[in-house]
Amino acid sequence: MTWPPAKDGGRSLPSIGNIFGAPATVLYLLFIGFPVLALLIRAAGQDGFLSSLSSDVALTALKLSLGTSIISMAVVLLIGTPFAYLLAKNTSIFLRALDSLVELPIVLPPVVAGVAMLMAFGRNGLLGPPLAELGVSLPFTSIAVVFAQVFVAAPFYIRSAKVGFQSVATEYEDISQTLGVSPWRTFWQLTVPLASPSILTGFALAWARALSEFGATIMFAGNFMGKTQTMPLAIMTAMETSLDTALALSVLLLCVSIVLLAGVGLLARRHWQERL
Amino acid sequence: MDNIIRWGLASLLMIAGCASPSARNAENFDQGADELVVFAAASLAEVFPELATAFEKASPGVSVRLNFAGSQRLRTQLEFGATGDVFVSADRRQMSLAVDAGLVSGDPAPFASNSLVVITPIAGGPGSEKVQVLNDLASPGVKLALALPGVPVGVYTREMLGNLESGAYDFDEGYSQKVLDNAATLETNVRSVVQKVVLGEVDAAVVYMTNATTGYAAANVRTIPIPKGANVAAEYYAAALKDAGNPQAAGAFIQFVQAEAAQAILARHGFEPAPANTGSGPARRVGQP
């Protein structure tokens with residue numbers, strides 16, 4: 001050993017990492033993995049598993065969950081992307097304050113989000129009467145489901161996309177524009193590709209959150225099969241009557257979420273590699 | 001700076017969440033020596049706190065903790081290992097399922113009954129005019145909040161609608177189905193059903209008489225009575241749980257709810273005494289012995 005340690009002397013750190021990290025990792029994996037495994041074992045062990053999976057309740061809920069969450073994610077992308085870009089590039093005090101409020105829906109209990117939306121868009125809410133005059137009633141509709149999902153999921157995307165945009169040095173964008181590339185093309189062909197790993201990660205997290213949204217939905221959209229009964233609500237409803245159906249639905253939602261996270265994860269990794 | 005604001009906000013909200021009474025009641029089941037944990041049907045949420053206080057006064061040293069939810073959810077919680085001393089169900093079915101699952105020790109004791117009523121938002125609010133009489137429940141475009149078919153009040157509601165349709169009243173064929181089709185939401189307990197009407201989000205709902213005439217909702221809803229012959233008697237049963245950590249207090253509590261003092265409290269909250277004859281299925285028509 002020489003002193004001062006060589007620049008790569010940091011190599012000794014991984015061994016400390018191993019000593020504490022390995023048991024912690026095993027413990028954590030058991031903690032998360034065991035319940036998930038238990039769910040799978042119990043679900044696979046029952047006779048009616050496949051028929052539960054293909055039951056009317058399950059398919060209707062899955063269809064509704066996918067449909068509403070896709071619309072929600074379209075809204076999140078459309079609104080969230082320019083907003084995240086502004087947050088990343090603009091340093092005014094107003095936006096810095098706004099920045100810390102973006103995550104409010106993450107820390108807000110979802111039920112509170114549901115109550116808040118009832119107070120805003122419900123029949124007796126602040127916007128209720130004017131909406132009613134237009135013949136629009138939001139509660140207990142699939143649109144209410146989308147509202148709830150956007151409300152709780154958007155911050156995950158905006159936060160991540162903002163970090164992505166921040167990682168793109170403004171100099172690059174300036175250079176691109178001095179070379180005569182339009183701001184619009186610069187955004188699409190330089191900024192977005194460079195920020196895409198973060199954007200994709202945020203997108204996946206937000207989508208998973210939208211799929212699992214429960215508290216705000218049951219408060220604001222109610223629980224009705226085919227209209228507002230998304231997968232999590234169907235699981236809760238089934239739990240009250242038949243554990244078998246609840247288990248099958250849980251496994252289904254688990255698989256959809258894993259496919260989603262893994263798929264987007266792969267995409268993001270590819271983009272990272274392209275970037276390097 | 002961002003982070004300070006963020007964490008400050010987060011911790012504030014968490015504190016607010018932890019301090020709410022429902023969190024205290026429902027999420028913490030670990031039992032102390034003199035604690036009596038009662039799993040009670042959601043429709044008892046207005047009366048049981050008062051009953052519990054009276055019981056605590058009568059049996060010094062025992063403190064009662066209440067966990068309210070739909071009876072079917074309480075039963076599921078117990079089946080999956082939640083520990084409590086007493087299970088109080090709003091219908092015979094959930095209680096007999098609990099008996100079948102081997103959760104209960106001794107015979108369940110009927111101690112009160114309840115009936116159904118239709119409620120609508122108070123006059124003036126949106127939707128308050130849509131349902132004036134029982135027939136309006138089946139009108140196109142009416143929005144109802146009902147309970148899921150597995151929830152006691154949901155079972156009673158469907159039975160009552162069937163009684164209305166088949167009885168000597170002026171309801172068209174298919175009335176019951178039309179009403180069910182008007183449900184905008186199917187809730188997991190009666191309190192959520194009431195809440196939808198209080199908020200004015202639905203035009204009407206079917207709940208227990210006690211929900212409509214006492215407590216918070218009383219000032220915020222109007223009621224439409226259901227003919228006696230078509231109404232059903234919801235029966236409340238209390239039973240000690242096999243795994244009770246405090247079986248003596250559990251037994252005492254079940255005695256207590258049947259005794260005069262508790263019956264007076266229940267009556268004040270609009271409950272009726274337990275039907276004398278309880279051997280005729282999950283629910284009887286009121287007025288038909």
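Biologist: Helix 6 and helix 8 of chain A cross each other; what is the handedness of that crossing?

Modeller: In this predicted model, the crossing of helix 6 with helix 8 of chain A is right-handed. Helix 6 covers residues 110–121 and helix 8 covers residues 142–166, and their axes are 11 Å apart at an angle of about 125°.

Biologist: Why is helix 6 of chain A called oblique to helix 8 of chain A?

Modeller: Set the angle of about 125° against the cut-offs: 65 to 115 would be roughly perpendicular, and over 145 roughly antiparallel. The angle falls in neither range, so helix 6 of chain A is oblique to helix 8 of chain A.

Biologist: Which residues make the contact between helix 6 and helix 8 of chain A?

Modeller: Helix 6 brings Pro110(A), Ala113(A), Gly114(A), Met117(A) and Phe121(A). From helix 8 come Phe147(A), Ala148(A), Phe151(A) and Val152(A).

Biologist: And what makes one residue of that contact polar?

Modeller: The count is 8 nonpolar, 1 polar and no charged residues. Gly counts as polar here, so Gly114(A) is the polar one.

Biologist: Let's go to chain B. Why does Ala82(B) count as partly exposed?

Modeller: Ala82(B) has 16 C-beta neighbours inside 10 Å. Buried takes 20 or more and exposed takes 12 or fewer, so with 16 Ala82(B) comes out as partly exposed.

Biologist: Where in chain B is Ala82(B) found?

Modeller: Ala82(B) is in the loop between helix 4 (71–79) and strand 3 (86–89) of chain B. Its C-alpha atom is 9.8 Å from that of Phe39(B), and the two residues are 43 apart along the chain.

Biologist: What does chain B hold in helices and strands?

Modeller: Chain B has 12 helices and 11 strands. Of its 289 residues, 48% are buried.

Biologist: How confident is the predictor about chain B?

Modeller: The average pLDDT for chain B is 82, and 83% of the residues score at least 70. Over residues 1–32 of chain B, though, the pLDDT is below 50. Residues 278–289 of chain B also stay under 50.

Biologist: How many residues does each chain give to the contact between chain A and chain B?

Modeller: Chain A gives 22 residues and chain B gives 26. On the side of chain A, the elements giving two or more residues are helix 4 (93–101), helix 5 (104–107), helix 7 (128–133) and helix 12 (231–239). By class, that side of chain A has 10 nonpolar, 8 polar and 4 charged residues. The model scores ipTM 0.73 and pTM 0.78.

Notes:
Residues are numbered from 1 along each chain as its sequence is written. Chains are lettered from A and ligands numbered from 1 in the order in which they are written. This is a predicted model: local features need pLDDT of at least 70, side-chain atom pairs count only at pLDDT 80 or more; totals for chains, interfaces and linings use all residues. Axes are lines fitted to C-alpha atoms, for helices over the stretch in contact, and angles run from 0 to 180 degrees between N-to-C directions. Helices (H or I, at least four residues) and strands (E, at least two) are DSSP runs, numbered from the N terminus. Angles under 35 degrees count as roughly parallel, over 145 as roughly antiparallel, 65 to 115 as roughly perpendicular and the rest as oblique. A crossing is left-handed if the near helix is turned anticlockwise from the far one by less than a right angle, and right-handed if clockwise. Two residues are in contact if their C-beta atoms, placed from the backbone, lie within 7 Å. pLDDT is the predictor's confidence in each residue, from 0 to 100.
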